[in-house]
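Visitor: Please pick one part of this structure and look at it closely with me. I would like to see its surroundings as well.

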2 protein chains.
Amino acid sequence: MFQTFHETARPEQGPPRLKALRGELAREGLDGFIVPRADAHQGEYVAPHDDRLAWLTGFTGSAGYCVALRDVAGVFVDGRYRVQVKAQVASDYTPVDWPETGLAEWIAPKLPGGGAVGIDPWLFSVDQARGLEERLAGIELRRCENLVDRIWEDQPAPPMGAVFAQPVELAGEAHGDKIARLARTFGADTCILTLPDSIAWLLNIRGSDIPRNPVPHGFALLHADATVTLFMDARKLEGLGDHLGAAVILRDPSEFPQALAALRGTVRLDPASCPVAVRETLIACEVTEAQDPCLIPKARKNAAELEGTRAAHLRDGAAMVRFLAWLDRQAPGSLTEIDVVTTLEGCRAATNALRDISFETIAGAGPNGAIVHYRVTEGTNRPVREGELLLVDSGGQYVDGTTDITRTVAVGEVGGEECANFTRVLKGMIALSRLRFPAGLAGRDIDVLARAALWEAGLDYGHGTGHGVGAYLSVHEGPARIARTGTVPFEPGMILSNEPGFYREGAYGIRIENLIAVEEAPPLAGQVVPRMLRFETLTWVPIDRRLIVTALLTAAERDWLDAYHAEVLERIAPLVEGDDATWLEAACAPL
Amino acid sequence: MFQTFHETARPEQGPPRLKALRGELAREGLDGFIVPRADAHQGEYVAPHDDRLAWLTGFTGSAGYCVALRDVAGVFVDGRYRVQVKAQVASDYTPVDWPETGLAEWIAPKLPGGGAVGIDPWLFSVDQARGLEERLAGIELRRCENLVDRIWEDQPAPPMGAVFAQPVELAGEAHGDKIARLARTFGADTCILTLPDSIAWLLNIRGSDIPRNPVPHGFALLHADATVTLFMDARKLEGLGDHLGAAVILRDPSEFPQALAALRGTVRLDPASCPVAVRETLIACEVTEAQDPCLIPKARKNAAELEGTRAAHLRDGAAMVRFLAWLDRQAPGSLTEIDVVTTLEGCRAATNALRDISFETIAGAGPNGAIVHYRVTEGTNRPVREGELLLVDSGGQYVDGTTDITRTVAVGEVGGEECANFTRVLKGMIALSRLRFPAGLAGRDIDVLARAALWEAGLDYGHGTGHGVGAYLSVHEGPARIARTGTVPFEPGMILSNEPGFYREGAYGIRIENLIAVEEAPPLAGQVVPRMLRFETLTWVPIDRRLIVTALLTAAERDWLDAYHAEVLERIAPLVEGDDATWLEAACAPL
């Protein structure tokens, strides 16, 4: 079992740790110290070694900061965590609504005479540090040792997860070819890579340093001569054999700073993710700032990666069908959310191919479904009651692909409002699934299609419509997304989620999510647009017909849904048996 | 009659004028000179005095440049004018696809050893001059006298059109109050205004210096003490009486440069429209660059402006209905495009309220309908044949409002493809008309709704979906628009066009256009979005039911169209009589 259900937050531990940190502030002559959730690799998950924000404050969300000043300590959390933070931190900490209130805007009036606030420069990107400095006019942002590490006596060691090769049959391109391809175009003598999934993609390796994302921690220098210097603990690579080859030179992570200082010529780095410590260690070279050159090629999955992803989705779809069929066989009221999560993970594990879950399963019954990033614990665990909606957002990490799917199902008979709003969400999800669009558009240009039916009823959802997804990599992958902030044009091979929703606070939550891949749309007779794209659907799992108000669908929407269900049946029926097969056939009947 | 039909272009005049211009180049030691279409006020229409590009080259489009070098002369035109330019300029001129090829990118390789290219700095905005200089590295962009004016012997005098007051009942706010309101917030000692419609809006005046746009040429300085210095020829203001009042000081335009040079303190200007000559004359003050502060308040029409616009649309709608009814009574094949334009203008003139047409009426029959900015001349005039579509895009300038409407009508029986594509265009137009959306969105966020039905068939249109429209001001008004380039959030009171289309080159054109105004959407029961906006429809004229394939419409679309037609009938029937009333009733019948 990957997922756990214990409460990790212990509010009462916060105050003595804050006191100890303030002792360090005094010792260093600092007025404050900023503790981010992030590690040096700016990912969504951190290793226990890097979980400083949770250790200090008790807050366990996936993003945020603590700004500890001498007499006040703010915990900055975004809209997802406004309720959670209050339960997790002691009263010595003040929750702050971020990004509505910026760190600098909060700090500045508290230090009217100026002062110095410390940061660990490995945990802030170049852009973040610059943004803070611009807005902290008159207050020094001092680079210093990590003061939390100094007081954290039993801090876990840095992760030492095994690294393994991703077979070239699944990666679709030898890592030597990827290196050579990028080396020809990145436009400098050296390119610094600090994002673990960029390095994993480039070298066709996977790792196990952090939960949920199969990547190893490390840094890399990509050289114009098509060689790579990889800074990674050799012990992690023991099982890798000669996969890396002669073009990849391995060095110990401790040598990274001196290697940076020794760089000459032109050096490229990505200010959005590169630690400011790296930037400031480059003392004898000419620096160019540009996007990590792995991001776009990694996002554009090749034929082998798409083939693997399709296979993973069939396997995962069959597991989901077994789970949903099981769920429908239980008496309403007999299950709790933890039962749901446990059984679903069991269905995935039974495939014998599950490497990890893609993220903590969200299983929210009734009002818990309205908490967008809900993770059930023993404290919040709730029976799945008759007449309620159950929202289940989950995914699997398989060696051939990463899945992410949300289904919202009726437990017994549910109300008319829920059905009408489920249908509106479905209309948005279908609008994107059916779309053909001219090449060159980005997420912002199409996001409205997923929302217009909800807007018509005065409804909306407070999250993006879709995120990029990796090929056995991060389930949240940039740079393209379907959202008002999505400005990266779609390109064939990009995998995205399509997940509109609606949340009635205190009552219920609805989300319907398929993964989709951008593909060329074959020209139609009479077509005038030179090149069009569309979305291939990757996810094959029934959508609960009991929640659909057929009269609210247009003929085209109904046709899409019936065709989708016919294809689910065709693809998944061969993979399930007995009662599950019977359930599937009924679930896939036309409207 | 406002519109004329003669060919203004005379290609054979171009070469001797180009030769004379090159004589001036030699005299000035210049390698080239750039002649823009624009005047010092960067508007869409220019006075005959400023029509230098057409005089020099023969090209009469509403945007473009001539770059005359010593041995080659490029005429830069955008996608609207690629065909037209070839017919209008002699072979001494080389048409260049702009903006695909930039001016600097075209010039630079032709002057590999560097050199100097001249511009009249009154005809280039700060941003334009900067953009050119950045990309012309190594070539000087020399400010100089206008060399075209020097060789244009019979150049018309600058316009001297009468200025008149816009009644405060229609403007909705006294100009003294507008001045005081802006003076409190523009954030400098002086703000430079160079856009005629900004000055006209601010001072509640209208003018007649250029065709189609009821604005006077002039410059203004808005001072923080709520006074205005207006640089405008006093002869134009003779009929204005004491409208301007003591807070507006009138000075001769010839004194503008010395007034600029004398400015002290902080000065605000808009680099997107302010001539670079103005910027470079500011020698003793601190300059802030920001958007013209009139743009947003002018775009957000107040209650009186909206009321006037509604009245203008009823009057104009009745004129359009009389025109469409007349058109339907004519035998197919008996009319030409010029007949159509002449009769339509006559219907508007018969209201006794028409001050001008809003722009040259576009009346394109059959394949001419596919030329998006077609203006019929005696040379292109074409019979309106049976079995063809006729596209008519037109508008009127009334003292209470500006209209802009497109209707595409069937002449006799037309083909199935035309009807299917007309219906797809209509679906897009209805999608925007029906939309409710959260406050804060801009044109880019909703443009897709007007196109998705066309994309489904591989079709699209190569222009924006909607532009801002003034209140008895320019029919093309910024800054909001419905287009992929639209990033200005919609605000209540903004008037926009909603005009999707489809053009099959060489065959037919379709466009359907209503004007719409942004308004607050009253909250619905159960609404969760804090504040929503929607569009009020302003245009009330039947949409040709004979071209609609009802089966392609959803029930909601059909309901919208039937309700629209019912409202057209209710509003316009009292304004028309006899055969026209009978025609209207049939045209407004439910589908």
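Guide: Here is a walk that begins with a pair of helices and then moves outward.

This is a predicted model, in which local features need pLDDT of at least 70 and side-chain atom pairs count only at pLDDT 80 or more, while totals for chains, interfaces and linings use all residues. Residues are numbered from 1 along each chain as its sequence is written, and chains are lettered from A and ligands numbered from 1 in the order in which they are written.

Let's start in chain A, where helix H13 (residues 303–329) packs on helix H19 (residues 578–587). Helices (H or I, at least four residues) and strands (E, at least two) are DSSP runs, numbered from the N terminus. The two axes are 9 Å apart and make an angle of about 90°; axes are lines fitted to C-alpha atoms, for helices over the stretch in contact, with angles running from 0 to 180 degrees between N-to-C directions. H13(A) and H19(A) are therefore roughly perpendicular to each other (angles of 65 to 115 degrees take that name, under 35 is roughly parallel, over 145 roughly antiparallel and the rest oblique).

Who meets whom there? From H13(A) come Val321(A), Arg322(A), Ala325(A) and Asp328(A), and they meet Asp579(A), Asp580(A), Trp583(A) and Leu584(A) of H19(A). Contact here is a matter of C-beta atoms, placed from the backbone, lying within 7 Å. By class, this helix contact has four nonpolar, no polar and four charged residues (Ala, Val, Leu, Ile, Met, Phe, Trp, Tyr, Cys and Pro are nonpolar, Asp, Glu, Lys and Arg charged, and the others, Gly among them, polar).

In chain B, H13 (residues 303–329) and H19 (residues 578–587) pack at about 90° with axes 9 Å apart, and H13(B) and H19(B) are therefore roughly perpendicular. There, Val321(B), Arg322(B), Ala325(B) and Asp328(B) of H13(B) meet Asp579(B), Asp580(B), Trp583(B) and Leu584(B) of H19(B).

Now for the annotations on chain A. UniProt, in an unreviewed entry, places "domain: Peptidase M24 C-terminal" at residues 532–591 of chain A; UniProt positions follow the numbering used here, feature names are shortened, and annotations may be inferred rather than shown by experiment. This span is 47% helix and 10% strand, with its end C-alpha atoms 30 Å apart. The unreviewed entry's "domain: Peptidase M24" covers residues 308–520 of chain A. Over those residues the chain is 29% helix and 27% strand, and the end C-alpha atoms are 19 Å apart.

Asn368(A) is a good stop along the way, in the loop between strand E16 (362–365) and strand E17 (388–394) of chain A. With 21 C-beta neighbours inside 10 Å, Asn368(A) counts as buried: a residue is buried with 20 or more other C-beta atoms within 10 Å of its own, exposed with 12 or fewer and partly exposed in between, C-beta atoms being placed from the backbone. Leaving aside neighbours within four places in sequence, Asn368(A) is in contact with Glu337(A), Tyr374(A), Thr380(A) and Arg382(A). Of these partners, Arg382(A) is 14 residues away in sequence and 8.3 Å away in space, C-alpha to C-alpha.

Two asparagines of chain A have backbone angles worth a look. Phi of Asn352(A) is near 60°, a positive value in a residue other than glycine; Asn352(A) sits in the loop between helix H14 (337–349) and strand E15 (354–357) and is exposed, with 6 other C-beta atoms within 10 Å. Phi of Asn204(A) is also positive, near 50°. Asn204(A) lies in the loop between helix H9 (196–203) and strand E9 (205–206) of chain A, and is buried, with 21 other C-beta atoms within 10 Å. Most residues other than glycine have a negative phi, and most peptide bonds are trans.

On the peptide bonds, Trp98(A) and Pro99(A) are joined in cis, with omega about 10°. Pro99(A) is in the loop between strand E4 (93–97) and helix H4 (103–107) of chain A. In chain B, a cis bond links Gly478(B) to Pro479(B), with omega about -5°, and Pro479(B) is in strand E23 (residues 477–482).

Finally, where do the chains meet? The contact takes 25 residues from chain B and 25 residues from chain A. On the side of chain B, strand E21 (436–438), helix H16 (443–446) and helix H17 (452–455) each supply at least two residues. That side of chain B divides into 15 nonpolar, four polar and six charged residues.

How values were computed:
Contact = placed C-beta atoms within 7 Å.
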